[in-house]
Structure formats: C-alpha cells, structure tokens
Amino acid sequence: SNVVLESSGINAEYGGEKEQEREDGKTMEVCIEQLTAFKNNIGDDWSNVVIAYEPVWAIGTGKVATPDIAQETHANIRAWISANVSPDVAASVRIIYGGSVNGKNCVELSRQGDIDGFLVGGASLKPEFVDIINCQRT
C-alpha cells in the first residue's frame, strides 16, 4: 500500500509477502507486483520515496526474517529499482525493514548492506525502542 505523509511530502510504499507465498518461493514475484503498481502511480520523482519491506507473515507475530533473508530481499528490491527506475534512484532510495523488529534482532539486521533502517511497530511502545534507535551506534 502507498501512503503519502502529507506534512513531509514523503511517499512510503509498504509491501511484502504472506507466509505461504514465502514458502512457495514467490517473495520477489509479490514484491515486484507491488513495486510495479507503486512505480506506475508515483511517476518519475522518487526523491521523497521510502520503501518498506514488511513481510506480512512477520507483522506482529514475533516472527522476523533472518538477516540473510531480509538482506536478500532488500538487495533484490534495490536491483529491481535499478533496472526498472534507474541506478541512481536505486542507490539513493531508502529501503527499510518492518516486521517484528526488536531490541534483540535490530543490531544484526542493521548490519546488512541494503537495510537502511526500520519500520517499528509494537516495539516502539516499549523501553527497548531506545536500543532500536541506537543500534547502528553499537
């Protein structure tokens, strides 16, 4: 789904696959379908775009993609953007991870080369949110 954060002018695209789609090896097929629809709606100005990869199977479930799975999917999303939008946009767009990010898994996730930050849900209401905010400093 696409959300425009009116006060900042940021366009945020949230997308990801369901658990059965993941198990069936259709993660990128689902993401490409979502990214294509977003690209068709946004046009050529990607200067204020943030992409959030948020696997549906991880939202509020306590399940989280392993760092390797998250990195692979983020890298594939970035490669798709490079091929279908432009290499410059792919290099500059922020691709963030959402899906049960917490104080225990945020450091390892933040070390992945294509994960530019997090979309934090329930953990933002807990004291560990400070750990998530500061995880790249460790």
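**Exercise 1.** How do α2 and α3 lie to each other? Work it out from the axes.

*Solution.* Residues are numbered from 1 along each chain as its sequence is written, and side-chain values use heavy atoms, with no hydrogens or water. Bear in mind that this is a predicted model: local features need pLDDT of at least 70, side-chain atom pairs 80 or more, while totals for chains, interfaces and linings use all residues.

Step 1: find the helices (DSSP runs of H or I, at least four residues; strands are E, at least two). You want α2, residues 27–42, and α3, residues 67–84.

Step 2: take the axes (lines fitted to C-alpha atoms over the stretch in contact, angles running from 0 to 180 degrees). They sit 11 Å apart, at an angle of about 40 degrees.

Step 3: α2 and α3 are therefore oblique to each other (not under 35, over 145, or 65 to 115 degrees).

**Exercise 2.** Which residues make the contact between α2 and α3?

*Solution.* Look for heavy atoms within 4.5 Å. From α2 you get T27, M28, C31, I32, L35, T36 and K39; α3 brings T73, N76, I77, W80 and N84. Sorted by type, that contact has 6 nonpolar, 5 polar and 1 charged (Asp, Glu, Lys and Arg count as charged, Gly as polar).

**Exercise 3.** What lines the largest cavity?

*Solution.* Step 1: searching the whole structure turns up 1 cavity of 30 Å³ or more (on a 1 Å grid, points where a 1.4 Å probe fits but cannot get out; lining residues have an atom within 4 Å of a point). The largest cavity holds about 60 Å³, the space filled by probe spheres set on the points.

Step 2: its lining includes C31, L35 and I77, along with E13, Y14 and Y53. Two or more residues each come from β2 (10–15), α2 and β3 (49–53).

Step 3: tally the lining, and you find 7 nonpolar, 3 polar and 1 charged.

Definitions and conventions: 1 Å grid on protein atoms, 1.4 Å probe; cavity = no way out; pocket = protein on both sides within 12 Å on 5 of 7 lines; lining within 4 Å.
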